[in-house]
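Biologist: I should like a close look at a single part of this assembly, namely the chain that is written first. Please describe its own build and then its contacts with its neighbours, and explain each term for a first-year student.

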Amino acid sequence: MDLNLKVWRQAGPDAVGRFEIYPMHDVSEDMSFLELFDVLNEQLETRGEEPVAFDHDCREGICGSCAMMIDGRAHGPERGTATCQLHLRKLTDRETITVEPWRAAGFPIIKDLAVDRSALDRIVEAGGYITAPTGAARDANEILVAKQASDAAMDAAACIGCGACVAACPNGAGQLFTAAKYSHLSLLPQGQPERFTRVVSMVEEMERWFGSCTNHGECEAACPKEISVNFIAMLNRDYVKAQFKNPALSGQRH
Amino acid sequence: MKTLQDLTKTSDDEAVGSTRRPTNPIRRFWSSAVGKKWVMAVSGLALLGFVLVHMVGNLKIFLGAVHLDEYAEWLHTLGEPALPRTVVLWGMRLGLIAAFGLHIVAAAQLTRMNHKARPVRYQSRRDYVAANFASRTMRWTGVIIALFLLFHLADLSWGTTNPDFVRGNTYDNVIASFERVPVAILYILANIALAIHIFHGSWSMFQSLGWNNPRWNPIRRYFAVTFAAVIAVGNISMPLLVVTGVVGK
Amino acid sequence: MAISLDAGIPSGSIERKWDDYKFSVKLVNPANKRKFNVIVVGSGLAGASAAATLAELGYRVTMLTFHDSPRRAHSIAAQGGINAAKNYQNDGDSVQRLFYDTVKGGDYRAREANVYRLAQVSVNIIDQCVAQGVPFAREYGGLLDNRSFGGAQVSRTFYARGQTGQQLLLGAYQALARQVRLGNVELHNRTEMLDLVVKDGLACGVVARHLVTGAVRSFSGHAVVLATGGYGNVFFLSTNAKASNVTAAWRAHKRGALMANPCYTQIHPTCIPASDDFQSKLTLMSESLRNDGRIWVPTTPNDVRSPDQIPESERDYYLERRYPAFGNLVPRDVASRAAKREVDSGHGVGPIQNGVYLDFGSAVDRLGREVIEERYGNLFQMYERITGEDPYKKPMRIYPAVHYTMGGLWVDYNLMSNVPGLYVLGEANFSDHGANRLGASALMQGLADGYFVLPATIGAHLAPLLGTEPVPIDDPVFRDAEANVDAQVHRLLSVKGTKTVDHFHRELGKIMWDHCGMARSAESLDEALTSIPALRDEFWSDVRVLGENESFNQSLERAGRVADFLEFGELLVRDARHREESCGGHFRVEHQTEEGEALRNDDDFAYVGAWEWTGEGNTPELHKESLTFDNVALAQRSYK
Ligand SMILES: Cc1cc2nc3c(=O)[nH]c(=O)nc-3n(C[C@H](O)[C@H](O)[C@H](O)COP(=O)(O)OP(=O)(O)OC[C@H]3O[C@@H](n4cnc5c(N)ncnc54)[C@H](O)[C@@H]3O)c2cc1C
Ligand code: HEM
Ligand code: FES
């Protein structure tokens, strides 16, 4: 198939960027979207032009490196699919495909399509963990976790940290990422002791970098793991609850 | 060497939201976007209640002047004899003013925060999947409601924009106002905006309050649609039937 | 260099070695731990768990990773699960059995003492992970669930849906993140280690390049820990993440660390075949598919009919035919070689005849579509997404692909390389899997190394260094290493040739796969030993790397890695050439039984082959650590 790739080119963080159009001839429908970029880059380099910078690694939809805004959608038109798992056969109806980097204050552009998503790490550092220093753990089966609870935690934990939720959100909010990480830990019995301090620190860190949630639901639609906005409700609820909790009494509630 | 920390901005003035949090618990809660959204939801809920009750009361217009005027008078005497006349009414008014105030201030501050969160917009057209017209126009429908509210007060509470206004004659005032075609259209449009606002707001509020249980979640959407539809039909029926002459003096 | 390959295995019975060791090893007093700086390179399971644990103990840790976030390390992609000798299923598992299975599965080329320790700490890993909030699969009653995995007769594999690696890595990453916020770990992401610095025989730091700015910078510490993953990408096409590479290990090798058993490469039988030349990587499909799928090819070569046109009588279920006892469930290496044999003899299927069928037709008839959907639904979905074919209608096409590398830098019982102060963990070292790794054991090893082994053994090196300051980074050893890195980068940029980096990588991959892949012969290996240096020369005279050093330059990153693969690949082939036997992931056609099975030579090759770098253009020198088996009897594997 033939198509035009309209790609955002930007030499560096502060450089002025613009779209370039690259005609691609005779590409196979079996190609993945990133392989299309591999081919483009080979062509560019052979012509003596600098290749397009873009993040990628596993190409299996699990590492969360790949990140492209494809025709106005984070990770492109296929639901529940990261850019690296998108294949051209799903895009045969298009003549021109427009690709730009994810845009958010918390995701400064590094070059072309590559952005810096360290802000997501900052949110985890702020409280996205269970304090369990190595060696102190008791036997794994002493902690019972109902299957449904464990499954729900896993639904949240499936987040790959790609940042599509931020990219897709009309407000540039990081709520779905934060909620997924938060809910994963706070749905499990192991996560209870730190639950209410965790929610406050994660939310406050999130708000340094990202916008606020107005419940559009674009995040859920863009998420390659289809993580539910229900987790956002959970985060919001616990944040409010946390205001009224006296941590000194947490030992009493069981 | 320039580290990644240099590349990502860390300075407080550049951050999207608050970085230094106040210690006073109320101010700290208010400093957070999640906190503000909670305030919006609670105030929105209060406003929803008001809108509904307000509508139900006003629908007495179809029962005739006596009923409507009686109802209006009842509002003023609510709480008597335990409390002096209009105390309860003023209490409700103050509550409403506070709800509107908090709702609007929070909306304004969150909107600013959201603009800061994406200083450079997407350069190609977005293709929205889940966000709908209602969710994306909240701030505009909100502003329309606020402006309309001022007009509505001037029209039917203070009478400044209503030449035939006679304090206490609620029924006549309403009919006189709605009989003017432009005013009727204005009421209809404003209530369409209100319904759109409610369509998203009365779903969104569940999320903001964290009222979430997968078993009941589907009902949230029905609730929102029904609520918006009821308000739209009820509120629009009044100016519509008056301006078309079905209901009148 | 006079090198002694003393693994330092503690004396005493195998059950007591680790406990005795922990009692006798020198400790660093808690207050003194802050005085030591440890550099950890790599944030996969091994690196992240080590860095977090060392920081919890009180050491100051500097963490480098070339990824933009520690959570993106290749460990994230592991699907199947992690083994542990918990015996929660009451099916007869024990430390002893896991130990035995691992040594046998490794075709008797692993060090007994290390493997035993691995089996011992495996149980602590699960406890640790659960405490951190890893959402392992559960039974309805709330207890942990297990599944069984290839090469074992017990159910000892813990899993979190098909994302076990992800969940384990997130656990370690979160522990690391906590230490970052506490200020105990200094995190440098998008920072690639490009040289190891050694002073007076001790590893004292690394030199790294920041991938966004190109700035080259030194890091100095009392010990350096490499947890930089495997080198499967020397084959270009593999199931590894695109960025996985050998650079850190190779540069350490060039500074004196020995590279052990590089020829042991694991080929996984069930991957989706390449669809064309643009193919950038291969995707693994879980091995569990072989439980219900039947593997076959058309009996007539070059049969291009669509599979439903081929009648039963013209299908060759070659595994069932050749291995009636195990059928489609023969071990990974056996299944892989059998598939290669079919494709090589013209029986391959698919548009470019590079696969074999894995057919669920009879399973669907027998069990119903629902059962199959429940067991394999998401795998079928993944297959369809990639190939555009519906496996319910058309048999899947599969082919083996490079998956894991058992070889790596040589380490002793302490996980320290022969360069004192340089530790190597995870897939980057050679230690515990011998010539073949069992499914679900890599995650176990990475976490054992990082959470439990290194934190205990590193004291032996650090305690005597108390009171010494790390070598200052303006010391000439650092200056030289920085100049070395600068020179390499500029050399790559100045070739200004005509062919892209990927071109060379692909070519190298082809040589490796064709001549040193699933089946190797003296002839093919000799050929590779001439074609690799030729390709390397061509690389250095004709590679085209555009752009500059001072910006985010992904071609430049890759060029450095491919340059190292071009050197390392030759060593891998050399190791394969010297090992005149077949064992595990190393199959020499000259050494097979009459049935075509791998034939070990325990008399001459029961050793670890560790290679020493002797300078550019010189033949590397082989050192041997002989392996003794006191607790497991050597036996030939048979799956008939
Ligand atoms: C598709 C697939 C599925 C698998 N499934 C399983 C399974 O089910 N069970 C199982 O037990 N095993 C499985 N494995 C194997 C297992 O995933 C790996 O062996 C293991 O995760 C390796 O972990 P590691 O910590 O050693 O290295 P990695 O996770 O590869 O991490 C390497 C780290 O080093 C860093 N690094 C490398 N070089 C440099 C440098 N020069 N400078 C700075 N940083 C550097 C990288 O940034 C990265 O952080 C699977 C492997 C694959 C490919
Ligand atoms: C009777 C009048 C009103 C009612 C019943 C109402 C109701 C609501 C409700 C229920 C919400 C959802 C809150 C949430 O998501 O938690 C909401 C949101 C919102 N309202 Fe109103 N509102 C009214 C008036 C206004 C006015 C006057 C404005 C602005 C000038 C306004 C601006 C907004 C905005 C911008 C939002 C979205 C905020 C966000 O999600 O961040 N509203 N409203
Ligand atoms: S490249 Fe790993 S998720 Fe796409």
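Modeller: The answer below begins with the chain by itself, then takes its two domains, and then turns to its partner chains.

This is a predicted model, in which local features need pLDDT of at least 70 and side-chain atom pairs count only at pLDDT 80 or more, while totals for chains, interfaces and linings use all residues. Residues are numbered from 1 along each chain as its sequence is written, chains are lettered from A and ligands numbered from 1 in the order in which they are written, and side-chain values use heavy atoms, with hydrogens and water left out.

Chain A contains eight helices and seven strands; helices (H or I, at least four residues) and strands (E, at least two) are DSSP runs, numbered from the N terminus. Along the principal axes, the C-alpha atoms of chain A fill a box of roughly 70 × 35 × 35 Å. Of the 254 residues in chain A, 69% are buried, where buried means under 20% relative accessible area, exposed over 50%, and partly exposed in between (1.4 Å probe, protein chains only). A contact is defined by heavy atoms within 4.5 Å. Among contacts in chain A between residues at least 6 apart in sequence, 68% join residues at least 24 apart.

Chain A is divided into domain 1, residues 3–114, and domain 2, residues 118–253; such bounds come from an automatic or database domain assignment. The centres of the two domains of chain A, taken over C-alpha atoms, are separated by 30 Å. At their interface, 16 residues of domain 1 of chain A are in contact with 19 residues of domain 2 of chain A. The size of an interface is often given as the accessible area lost when the parts come together. Here the two domains of chain A bury about 1,300 Å² between them, and carbon and sulfur atoms give 63% of that area; buried area is the accessible area (1.4 Å probe) that two parts lose on being put together, summed over both. A:Arg79, A:Gly80 and A:Phe107 supply 34% of the area that domain 1 of chain A buries against domain 2 of chain A, more than any other three residues.

A:Arg79 has a further role in this description. The rule finds one salt bridge across the interface of domain 1 and domain 2 of chain A, a salt bridge being a side-chain nitrogen of Lys or Arg within 4 Å of a carboxyl oxygen of Asp or Glu. A:Arg79 forms a salt bridge with A:Glu226, and their closest N and O atoms are 3.8 Å apart. By class, the side of domain 1 of chain A that touches domain 2 of chain A has nine nonpolar, six polar and one charged residues. In this scheme Ala, Val, Leu, Ile, Met, Phe, Trp, Tyr, Cys and Pro count as nonpolar, Asp, Glu, Lys and Arg as charged, and the others, Gly among them, as polar.

The next neighbour is chain B. Its contact with chain A takes 54 residues from chain B and 53 residues from chain A. Chain B and chain A bury about 4,300 Å² between them, with 51% of it on carbon and sulfur atoms. In chain B, the residues that lose the most area to chain A are B:Val34, B:Arg118 and B:Tyr122, together 14% of what that side buries. Four salt bridges are found across the interface of chain B and chain A. B:Asp127 forms a salt bridge with A:Arg73, with the closest N and O atoms 3.1 Å apart.

Chain C also meets chain A. Here the contact takes 76 residues from chain C and 83 residues from chain A. The area buried between chain C and chain A is about 6,400 Å², and carbon and sulfur atoms give 49% of it. C:Arg72, C:Phe278 and C:Arg385 lose the most area to chain A within chain C, together 11% of what that side buries. Between chain C and chain A the count is eight salt bridges. A:Asp55 forms a salt bridge with C:Arg190, the closest N and O atoms being 2.8 Å apart. The side of chain C that touches chain A receives its largest share, nine residues, from H6(C). By class, that side of chain C divides into 29 nonpolar, 28 polar and 19 charged residues.
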